[in-house]
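User: Please take a close look at the sheet beside the contact between the chains, and tell me how the contact itself is made up. Feel free to wander a little from there.

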Amino acid sequence: MANQVDKARIKENVARMKRETYTPVVPDMQMGFVHNNVDCIGCRACEIACKDKNGLAAGPRFRRVQYIEGGTYPEVFAFKINMSCNHCAEPACLPACPTGAIFKRKDNGVVDIDSTLCIGCRKCEAACPFGAPQFNVELNIVQKCNMCVDELEVGRDPYCVAACMMRVLDVGPIDQIADGSYDTKAVGPNETVVRQVRSMADPELTNPSIRFVPHSKGIVQDGQ
Amino acid sequence: LETVVTSCAHNCGSRHMLVAHKKGDVIVRLSTDNGTYQGDAYGTDTEEKPQLRACLRGRSYRSRLYSPERLLYPMKRVGARGEGKFKRVTWDEALSDIAQRMVYLRDTYGPTALLDQSYAGASYGVLHKSDQIEGLLGRFMGMFGCRTSSWSVPSYQGTTFSSRTTFGTIQDGNEDDAFAHSKLIIMWGWNPAYTFHGGNTFYYMRMAKQRGCKFVLVDPQYTDSASAYDAWWIPIRPNTDAAMMAGMAYHIWDNDWHDQAFIDRFVQGMDKGTMPGWAQGQESFKDYIFGERDGVAKTPEWAAEICGVKAEDIKKLAEMYATTKPAALKASWSPGRNAYGEQYNRMAAALQSMTGNIGILGGCAEGVGKAWHAEAVAYPYDQFANVWYASIKSDRWAHCVLNYPNLKREEIGLWPRMDQLDGVAPNIRGIFWQGSDWLNQLTNINKEIAAIRKLDSYGEGESLLVCMDSTITPTGIWADYLLPIATHFERHDVALPWYKGHYYIHRPVVIQPLGESKTDFQVFTELAYRLGFGPGYNPRATRDYFNDPTQVDEAYLVAWWDNVRHHQGVEWDWETFKKRGVYKFVLPEPHVAFRPQIEQGMPFETPSGKIEIFSTTLAQTPDWTRTQYGYEIPAIPKWIEPWESLNHPKAKEFPFHMISPHPRWRTHSIFNNIPWLRETFAQETMMNASDAEKMGIRTGDTIECWNERGRVITPVYVSERCMPGVVVLHEGAWMDLDEDGVDRSGNPDFLTLDNPSPAGAFAYNTVLCNVKKSDLNHRPGWDKLSTARSHVFRRDL
């Protein structure tokens, strides 16, 4: 059973959604994530902290540590790509939503879902190239990372970032992360960040707000 | 929401801060250190005073606290042992029954009838401590006058023996921040990305990497530690580590890369010149390495045959280690959990000594690796702390029960005594499991089950099995009484760093005990009153302690904090500590073991005052059967062929060597029931891709691994990250037997052998087995939660 939703509110939000599809919200400051693919030990403390904060059962995972491994014994390699929602500049989920439940925040660029409007149709799940929207079977709605806006608004880090034992996951203004001017432990000395790594969908699709310190085997041409 | 600082509480090798967010008496969320709790700005996280961020296990604690497996009431068995049928009883009934049976068993079968199998599973604090050697249970049973103790520590007995023999102490560790100063770190079987060894060890190693440190991993599997630190991976056949190290020692001497000045000044028995006067003519370590007695030079080529590592690689590593300063050879515990595992640890100590990497910042003498000293005990600690009437190797209890009374003392590793009980095998009639899941975690579980069946055969009332824990465990299923113990969220205590790190974390009563839970200390105190020594056991308490421990616990902790203030120069008073929740020491320089010995010439705590590669004690032991070891241990480190390995003829029938490392999604068996964690990683067997291809096995297939001791069913993960001929199955799955005695959960201890190394090391990693595809069912947990590995994928790039 989906939520009982107010038809008038749906109408109003669909109108807003259409407006914002054609003229995307340009946030005052776009926040984004940065992750070090190499130094991440893949422990998933971030995932568990996220599940605890958001009260999720086994199943939906707002944050996902993905393991990439390859090579042939004994010349092997492994690295991690850690993603939640990338809070894209041009989110694919937003225009896909028939009720206008998905919106982008003006102040920090967080892409969020108004759960009271979600009817659980899962179209956003299909639209997202990064697998961010997660279907919650118990509630029959789609949920996803909102970058812990409640924490951001009081000047603290999202739970995943605050959980990182290796300090390889961070959050900040994506422009500054991209040009290297943001002071973060996620990026080591002599390391630079890229926009895309191997095994990741084309960032041209949605312009995701995330940067990576890539593994040597994860570097792609034109990754900048 | 109210927030309260507390910590996690397990025997996993680390200890981190948790902050409970409360609504009423319910914890609704956990967060961790954010730098503010000691009065600093939000986000403070410096090298001297880093944040103590909890790992995935700690972060999942809320689902363990409120899990369906939580024990809430005292329970009494109504079915057969192991059948899992219990009924709820009152505390009064349970404790009366237990007290009565204890007295009967002691009076009938003597002071060794009750076996102490306490372990640090759930209760590691300064006040409420479950511990194998000197915890609350040991003191209780000792005062009662009936206790058989279990002396060998499953995790690191080989290492303990090596550290005590070589350095005279197990305080041979550097603090975690010292790792940031190494130029080379050799992770020998060490996977801090899984074990989170120490407060921030893994993070300091990242700093080392950023400062140009090189990393090497010697391990049958390419671990996440190797990938994160970009290590050179040297795959090695399990249980052949000492041979490779001997080859390295040869190559170092052969090229004169050793530090002769260090050896001459600090080491006994490294070469002829450093042999003690009384032992002239006996074999020195160098004599052994060059084969002067046995005619076998332990060259890299000799080692390569045994351990499957190319001789060039052995030479290259030896050169790297001997010529890089400072270099940390971190000889971890797991290769020591083997037949003759102590020889591996002692061989590592020989390499550390001959290269002069001891007592210097960035070097490493570990070993056991205990470093900064914490004031660890707030409960009464006196002459009753560790009283026992027999003490056996911990993994030999089942052997003892099954073979009593036809036992030789060396079979069970009886610790010598000075009285008439010396050498007398205990007639074990009862077991106390406190914070311990040993039936699930010791070796050769089928033999343990047979031992319990033998206890059954004595008849009702002739034996006693008691399990004290906060959840039902695979061991608890076999108990006669289940006593619900309050978790560390429900009692007042202070947390210590377990392994490395220098801090204390206050643990208040965050929520009231769930159900009828009581603390261990409450239960033992009340039992002691029933048995007539209540005031002696808990001198600060009256009998009302069972109903309200608040004031008494506070008094113990205040007295403990006074010690801390006196001994460790802490300025804060108790109230400030309680208010802040955490006290982090800022050390003037990273703590390095044996710095005073090396810099100021203080003696080592060995008989000779030197680093004893040639051991005085071992060389002077006339009769091994009279020692706790039972069998001969050479005075110098030597390569000794283990009783099972890929080089053994038995490998024809059982061609795979199974290792069972620590998983990171559990602490041993703790947290196996947590859906969040089960979702992150699956209980599966990892095997090499070429092996799998030959057998037509693909990732996701169900396989069975078996040998003459048992059989387990798991999914398989086929990977290039594992050495051919080796299978990896993580320890700690909750056993789940089908009607044919096959374990569906995949607990590797159905395949391990309960035969300890002479020094007491558990031979957890000395296992040959065979593997095949299977139609049998795998059940990852008692709740049948599905465990997809959909998030883990391999892509050939």
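Analyst: Let's get the strand vocabulary out of the way: two strands count as paired if DSSP finds at least two bridges between them, and strands (E, at least two residues) and helices (H or I, at least four) are DSSP runs numbered from the N terminus. Keep in mind that this is a predicted model, where local features need pLDDT of at least 70 and side-chain atom pairs count only at pLDDT 80 or more, while totals for chains, interfaces and linings use all residues. Residues are numbered from 1 along each chain as its sequence is written, chains are lettered from A and ligands numbered from 1 in the order in which they are written, and side-chain values use heavy atoms, with hydrogens and water left out.

Now the sheet. In chain B, three strands make an open antiparallel sheet, ordered β1-β2-β3. Its edge strands are β1 (2-7) and β3, each pairing on one side only. On average, neighbouring strands are turned by 35° against each other, direction ignored (axes are lines fitted to C-alpha atoms, for helices over the stretch in contact, and angles run from 0 to 180 degrees between N-to-C directions). Strand β2 (residues 17-23) of chain B is joined to β3(B) by five bridges, running antiparallel. One bridge pair to look up is B:Lys23 with B:Val26, the latter in β3(B).

On to the contact between the chains. With contact meaning heavy atoms within 4.5 Å, 55 residues of chain B touch 56 residues of chain A. Together the two chains bury about 4700 Å², 54% of it on carbon and sulfur atoms; buried area is the accessible area (1.4 Å probe) that two parts lose on being put together, summed over both. Between chain B and chain A there are 29 residue pairs in polar contact (both at pLDDT 80 or more), that is, pairs of N or O atoms within 3.5 Å where, within protein, one can donate a hydrogen and the other accept it, and sequence-adjacent residues count only if both atoms are side-chain atoms. Chain B's side gets at least two residues each from several elements, including β3 (26-31), α7 (201-210) and β24 (710-719). That side divides into 27 nonpolar, 13 polar and 15 charged residues; here Ala, Val, Leu, Ile, Met, Phe, Trp, Tyr, Cys and Pro are nonpolar, Asp, Glu, Lys and Arg charged, and the others, Gly among them, polar.

As for salt bridges (a side-chain nitrogen of Lys or Arg within 4 Å of a carboxyl oxygen of Asp or Glu), eight run between chain B and chain A. One of them pairs B:Arg721 with A:Glu69, closest N and O atoms 3.1 Å apart. The whole structure holds 67. Inside chain B, B:Asp456 and B:Arg81 form another, at 2.8 Å; B:Asp456 is in helix α18 (residues 445-457) and B:Arg81 in the loop between β4 (75-77) and β5 (86-88), so the pair ties together parts 375 residues apart in sequence.

Chain A has an open sheet too, of three strands ordered β8-β1-β9, with mixed pairing. Here β8 (169-173) and β9 (210-213) are the edges with a single partner strand each, so one side of each has no neighbour in the sheet. Strand β1 (residues 31-36) of chain A pairs antiparallel with β8(A) over five bridges, and A:Phe33 sits opposite A:Val171.

Last, a backbone oddity: the peptide bond joining A:Tyr73 and A:Pro74 is cis, omega about -5°, and A:Pro74 lies in the loop between β2 (64-72) and β3 (75-83) of chain A.
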